[in-house]
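Please examine the sequence and the structure shown below. The paragraphs that follow lead through one pocket and two residues.

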Amino acid sequence: TPESRMFAILGTKAHQALEAYSKEDNTSHAKIISELAIELNGITGTLDEIDEDGDKLVLIDHKTSGSYKVAQALEGKMDDWSLQLNFYRVAYEKQAQRVITQMKIEAIVRDGGTWMAKKRGIDRNVYMIDVPRMEDEKVIRYFTKKKDDLLAALHNAAVPDICKDEERWGNKKCDDYCVV
C-alpha cells in the first residue's frame, strides 16, 4: 500500500533535494558536497553530505527515524548508523585522500511532538548526533564479510545466513522495513 512506503518515499525525495543542493558558497568559501557515490573494495554507497570549510570536513547523514531509535542513538546505541557512516568515511578518505574530521547524523523524528516521543525524552523534531570514529580495519572487515557472504549466496543460489539479532533490531527491521 502507498501508506506502507510513505517514509521510504519521503527519504527518496529528501535525497533528490540534497543532490540538487551541492554547491559552493563563494562568500564564505564553504563547500557542500552531497549525494556522492563512493566505493571501497567493490562495496559501494552514496554518502549524503560533506560540509567543507577550510580544513574541516564534516560528514552528515540525514535520517528520518522514530523516537525510539533516536533516543537509542542519543544514548550511544547506534551500531548500524555508526558502521554506515564510518564506512562512508573510510571509503571517502581513501578515494579523496582527505580526512573527515567529524561525523554527524541529522535525525528527523517521525513521531516528534507526540506523547510517546516525549515519554522517551525526545522533545525536539530534529537532532544532530555525533557519531564516533571506529577503527578503519574493523569497518572494512565488517563490510567485506557482508559482501563476501552475499556474493557466495548469489553464486550458490542459496539464502545467506540470517543477520545478527542486533542488526535486525530484534526482527523489527526485517518485519517492518524490508519489502523483500
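How many nonpolar, polar and charged residues does the lining of the second largest pocket have? The model is a predicted one, and in it this lining has six nonpolar residues, three polar residues and one charged residue. The pocket itself has a volume of about 160 Å³.

The residues that line the second largest pocket are Ile 43, Thr 44, Gly 45, Asp 80, Leu 83, Gln 84, Phe 87, Tyr 88, Tyr 142 and Phe 143. Three elements each give two or more residues to this lining: strand 3 (43-53), helix 3 (79-96) and helix 5 (136-156). Helix 3 supplies the largest share, namely five residues.

Phe 143 offers a useful point from which to view the pocket lining. This residue is found in helix 5. Apart from neighbours within four places in sequence, Phe 143 is in contact with Ile 43, Leu 83, Gln 84 and Phe 87. Each of these four partners also appears in the lining of the second largest pocket. Phe 143 and Gln 84 lie 59 residues apart in sequence, while their C-alpha atoms are 9.3 Å apart in space. Phe 143 has a relative accessible area of 19% and therefore counts as buried, the limit being under 20%.

The next residue to consider is Ser 82, which has its place in helix 3. Is Ser 82 buried or exposed? With a relative accessible area of 5%, Ser 82 is buried. When residues up to four places away in sequence are not counted, Ser 82 touches Val 131, Pro 132 and Met 134.

Notes:
Residues are numbered from 1 along each chain as its sequence is written. This is a predicted model: local features need pLDDT of at least 70, side-chain atom pairs count only at pLDDT 80 or more; totals for chains, interfaces and linings use all residues. Side-chain values use heavy atoms; hydrogens and water are left out. On a 1 Å grid over the protein atoms alone, a cavity is a set of points where a 1.4 Å probe fits but cannot get out, and a pocket is an open set with protein on both sides within 12 Å along at least five of seven lines; lining residues have an atom within 4 Å of a point. Grid points are joined across faces, edges and corners, and a volume is the space filled by probe spheres set on the points. Helices (H or I, at least four residues) and strands (E, at least two) are DSSP runs, numbered from the N terminus. Ala, Val, Leu, Ile, Met, Phe, Trp, Tyr, Cys and Pro count as nonpolar, Asp, Glu, Lys and Arg as charged, and the others, Gly among them, as polar. Buried means under 20% relative accessible area, exposed over 50%, partly exposed in between (1.4 Å probe, protein chains only). Contact means heavy atoms within 4.5 Å.
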